[in-house]
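Please read the numbered points below with the model open beside you, and check each one by eye as you go. They move from pairs of helices to single residues and bonds.

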Amino acid sequence: MNRKVDFLVIGSGIAGLSFALKVAEHGSVLIVSKTSITETATGYAQGGIAAVMYNPDSYHKHIQDTLVAGSYLNNEEIVRMTITQSTERIEELIAWGAHFDKESSGRYALAREGGHSEYRVLHHQDRTGSEIQRALTERAINHPHIEILENHFTIDLITQHHLGRIVRRSHTDIQCFGAYVLNPETGVIDTVLAKTTMIATGGVGNVYQTTTNPTLATGDGIAMLYRAKGVVDNMEFIQFHPTSLYNQKEKPSFLITEALRGAGPVLKDDKGNEFMHKYDARGSLAPRDIVARAIDNEMKLTGKEHVFLDARHISEREILDHFPNIYAKCLSIGINIMKEMIPVVPAAHYICGGIKTDANGKTSIEQLYASGEVASTGLHGANRLASNSLLEALVFSHRASIAAIERMAAVDFEENIPDWNAEGTVLNEEMILITQSRKELQSIMSNYVGIVRSNLRLNRASDRLEILLREAEALYDKSVVSVDLCELRNMINVAYLIIKFASQRKESIGLHFSIDYAQKLKQ
Ligand SMILES: Cc1cc2nc3c(=O)[nH]c(=O)nc-3n(C[C@H](O)[C@H](O)[C@H](O)COP(=O)(O)OP(=O)(O)OC[C@H]3O[C@@H](n4cnc5c(N)ncnc54)[C@H](O)[C@@H]3O)c2cc1C
């Protein structure tokens, strides 16, 4: 079936919904989400959203912190633009109905996280993301111009390639005419024609074995864009959160927020000894990448599968008031964090790179925008400053909405798009092949392309990935499309890009740490 909308939005997290709410004032909007509307990484965010609110904080300080965290590989203009819009975007979010914690004086209660020189993180207890998701969802489902297709999977973007024209990556005039969308329940694939398409599909965490990301984070948007010959950037910069709860049975791994570390708990080994000062003078408050590498090193030295975060000296009041979610979660697996240390392990958490965009969220493809974790805007550089990602999504979705609305009158629907070419005939009876390939992929990425890398490991990863790629493409060509198979293919595409970018970077910087270009870790 063919459908026509002014704006097609792929993804229902903070990036997709905030864009949709703005453009819906100017045309019809279809939001496609492969999950339910609220099952997003946005809903998982705990710590909060960074913004400059009061003295003594300033835009200058927030800009400097962002540049330092990013090892100055950030685009300084983009950093300045994003940070100076932070207050305005937060005010808008509050006007949309999101609640943030306040002090008794009526001022917003601001937290300070690792890498921030001031208190500037707005939060809603330790459930900030679900509060933002709630507010945006309520508005979107009640908007008369917004239609939401939940549990529908976008397979591929539509470009000139689908009109039988050859498109090369170097072409500057590739256009996006919409996307092919699968209803997994019926197997029907709709052709959705759109004047503007927004990719807001989130992150890639599931290419690794241990991740804080929900299972939806399989890099679909990046893979789709790359297949459509668009430009990606900075793919080597994967942030590993140093402290996810060690609980092997659980996926995704439960995050122990940076904000808890900011409140005073200390990292210790299994003998109860502090170890962070061996690695960085800031101790347990050092930036994430340093802490993650230090934990990785301690685990390798001791042969243990985790280290501990000791919060026993934090007051009961502080824990119950500010971290009730973490307290309840740990208690549910038998750990009372007021009396026992929390076992923690690093987990893939965030990708700084992705689809390259300009200052308006525009990709290298015409009529195609990207915002949120899927995008590489230049804000984060080689490492993301904590709580800057929700802010980035708001700022770029806002700017993309203005740009897309302005362009709208000049764009027509492309009418001659063929239906999806369903060549495959084999039903997905060999599910075990997909499951096994997915596990192999995650093992390759965790073992060879994780926190500490080397040329040897990257080459090994590349050789093994090639076999998986061949097998997945062969399976894809003969099979009826399914979500599992598409996700596998997308994850392999994304893994290929991470390895490629990591291999090309001949230095250790930010989140990309290679023993071939760095001094040995201190012990
Ligand atoms: C545990 C955790 C804690 C975090 N804490 C913080 C924090 O405190 N502060 C902060 O700034 N950031 C935090 N982050 C990062 C931040 O939450 C994410 O970067 C951000 O929410 C991403 O928003 P998004 O809109 O880009 O994507 P998401 O919120 O992940 O939404 C992605 C959407 O795309 C849809 N989708 C994906 N692929 C397809 C497809 N093929 N077809 C159709 N739909 C598709 C999904 O169904 C979903 O609706 C945290 C992340 C995690 C995992």
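A crossing of two helices is called left-handed if the near helix is turned anticlockwise from the far one by less than a right angle, and right-handed if the turn is clockwise. Please keep in mind throughout that this is a predicted model.

1. The definition above applies to helices H12 and H13, whose crossing is left-handed. Helix H12 covers residues 431-448 and helix H13 covers residues 455-478, and the two pack with their axes 10 Å apart at an angle of about 165 degrees. Angles over 145 degrees count as roughly antiparallel, and that makes H12 roughly antiparallel to H13. On the H12 side the contact includes Leu 433, Ile 434, Leu 441 and Ile 444, while on the H13 side Leu 458, Ala 461, Leu 465 and Leu 468 are among the residues that take part. Sorted by class, this contact has 10 nonpolar, 2 polar and 5 charged residues.

2. Leu 433, which is found in helix H12, deserves a second look, for this residue is partly exposed, with a relative accessible area of 39%. Leu 433 and Leu 485 are separated by 52 residues in sequence, and their C-alpha atoms are 9.7 Å apart in space.

3. A second pair is formed by helix H6 (residues 220-227) and helix H14 (residues 483-504), whose axes come within 8 Å and cross at roughly 75 degrees. H6 and H14 are therefore roughly perpendicular to each other. Asp 220, Ile 222, Ala 223, Tyr 226 and Arg 227 of H6 meet a set of H14 residues that includes Glu 487, Asn 490, Val 494 and Leu 497. The residues of this contact divide into 6 nonpolar, 2 polar and 5 charged.

4. How many of the 21 residues of helix H11 are buried? The count is 16 of the 21, so H11 is largely enclosed by the rest of the structure. This helix, which runs over residues 388-408, reaches 30 Å from its first C-alpha to its last, close to the 30 Å expected at 1.5 Å a residue.

5. H11 also has a partner in helix H3 (residues 76-84), and the axes of these two helices come within 10 Å and cross at roughly 90 degrees. H3 and H11 are therefore roughly perpendicular to each other. Ile 78, Met 81, Thr 82 and Ile 83 make the contact from H3, and the H11 residues include Leu 391, Val 395 and Phe 396. By class, the residues of this contact divide into 6 nonpolar, 2 polar and 2 charged.

6. Most residues other than glycine have a negative phi, and most peptide bonds are trans, and the remaining points concern exceptions. The peptide bond from Asn 55 to Pro 56 is cis, with omega near 5 degrees, and Pro 56 lies in the loop between strand E3 and helix H2. The bond from Lys 251 to Pro 252 is also cis, with omega near -5 degrees, and Pro 252 is placed in the loop between strand E11 and helix H7.

7. Tyr 72, in the loop between H2 and H3, is not a glycine but has a positive phi, near 60 degrees. Gln 367, in the loop between strands E15 and E16, has a positive phi of about 65 degrees although it is not a glycine either. Is each of these residues buried or exposed? Tyr 72 is exposed, with a relative accessible area of 53%, whereas Gln 367 is buried, with a relative accessible area of 8%.

Note on methods: Residues numbered from 1 in each chain as written. Predicted model: local features only at pLDDT ≥ 70, side-chain atom pairs only at ≥ 80, totals over all residues. Heavy atoms only, no water. Axes fitted to C-alpha atoms, helices over the stretch in contact; angles between N-to-C directions. Helix = DSSP H or I, 4+ residues; strand = E, 2+ residues; numbered from the N terminus. Parallel < 35°, antiparallel > 145°, perpendicular 65-115°, else oblique. Contact = heavy atoms within 4.5 Å. Nonpolar A, V, L, I, M, F, W, Y, C, P; charged D, E, K, R; others polar. Expected span 1.5 Å × (residues − 1). Buried < 20%, exposed > 50% of the residue type's maximum accessible area, 1.4 Å probe, protein only.
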